[in-house]
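Biologist: Could you take me closely through one part of this model, the second largest pocket, and then set it beside the nonpolar interior?

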Amino acid sequence: MKFQPSFGLKNRHIQTIYASLFRKLPKLDITTETFTLSDGDFIEAYWYKITNHTNTTPIVILFHGLAGSFESPYIQGAMQALDKAGFSSVLMHFRGCSGRDNLKARSYHSGDTGDALEFINTVKKRYPQAKLFGIGYSLGANMLLKLLGETKENAPFNAAVAISAPMLLDVCANKMKQGFSKFYQNILLKDLRLALDKKYDKHDMQKLLGLKREDIKKLQDFWLFDAAYTAKINSFASAQDYYTKSSSKQYLKKIKIPTLIIHAKDDPFMTQEVIPKQKDVSNTIILEILEHGGHVGFISGSLFKPKYWLDKRVVTFFNAQLALSFSQDQNVQFPFAH
């Protein structure tokens, strides 16, 4: 199913912001779980249709992007599409992203796979007969790819999809300082600075970071913010050290499960240097590198009658994996579909 935007939707920025401005979705009946982590902190997981879950209903775990949450239209759209296709789904909020401040001085970052692995493994234990799939968007996609590379053949998913992943974090941080991309940087950093400011109410952040509360406003780009907070609070030597160790591109050859990477060449959050080539990935990865789509966009149809291609593509991929798994369980030959 090839992605082809209409003329009015080809612009990278329209693709990136359209859904946030115009996508209307019915209210979902969500079950909220507070999941306690091994270090005493917590995350919130939002389950959709878990009350109808059976032991074998496939489950999809979703990971949102930077400063994202259940309120992000791409999350709710995906959950509805997955439900119609017969999947249960759950969004794992990263620390502090659900609207409740997390307990620790640190929050989350693009390479932090520990929290996700704890949650995924718990879900696997609860539903040992269920097929388990993962979807990551943007920062969540980078984290997911890194997790899959770290766990190799022991990956906790049957298959996964990574969408608009910033696979070279330093390149992306540089890109976000340029031209219209600064618009997105300013929006994201506003949320991040606000979350950091709140931490000064509960923790001695000036002692931990060497940063006065009033100086938070000076953190005007990702390099400055990640050097002052993300790297320091997570014991990285510098922002560059954090970017280097957390970028997922170096892990792609180690991934051993079926993984679909969807990426647009016109993504305004990054340059084409980020995009992997076939030689950069393992033979279990499908690369769908598209000319258009923006950042977590991929909207076809027209401005007034949009079609959310991304949701359909994800469902098609997971259905193909279920069919392949079923045929293997039945010892039947089945062509690999994608």
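Modeller: A pocket here is an open set of grid points, on a 1 Å grid over the protein atoms alone, where a 1.4 Å probe fits and protein lies on both sides within 12 Å along at least five of seven lines, and its volume is the space filled by probe spheres set on those points. In this predicted model, the second largest pocket holds about 220 Å³ of space. Its lining is made up of Arg23, Leu25, Pro26, Gly77, Gln80, Ala81, Lys84, Lys307, Tyr308, Asp311, Lys312 and Val315; sorted by class, these are five nonpolar, two polar and five charged residues. Helix α2 (73-84), strand β10 (306-308) and helix α10 (309-329) each give two or more residues to that lining, and α2 gives the most, with four.

Turning to the interior, the largest nonpolar core has 72 residues, and among those with the most contacts inside it are Trp47, Phe63, Phe119 and Phe157. Helix α4, residues 139-151, gives the most to this core, with seven residues. Setting aside neighbours within four places in sequence, Phe63 is in contact with residues that include Leu91, Met92, Phe94, Ile120, Met143, Leu144 and Phe157. A second, separate core has 34 residues, including Phe70, Ala159, Ile163 and Phe298.

Helix α4 also contains Thr151, which counts as buried because its relative accessible area is 15%, under the 20% limit. Beyond its neighbours within four places in sequence, Thr151 is in contact with Leu117 and Pro156.

Conventions
Residues numbered from 1 in each chain as written. Predicted model: local features only at pLDDT ≥ 70, side-chain atom pairs only at ≥ 80, totals over all residues. Heavy atoms only, no water. Core = buried A, V, L, I, M, F, W, Y, C linked by side-chain atoms within 4.5 Å. Buried < 20%, exposed > 50% of the residue type's maximum accessible area, 1.4 Å probe, protein only. Contact = heavy atoms within 4.5 Å. 1 Å grid on protein atoms, 1.4 Å probe; cavity = no way out; pocket = protein on both sides within 12 Å on 5 of 7 lines; lining within 4 Å. Nonpolar A, V, L, I, M, F, W, Y, C, P; charged D, E, K, R; others polar.
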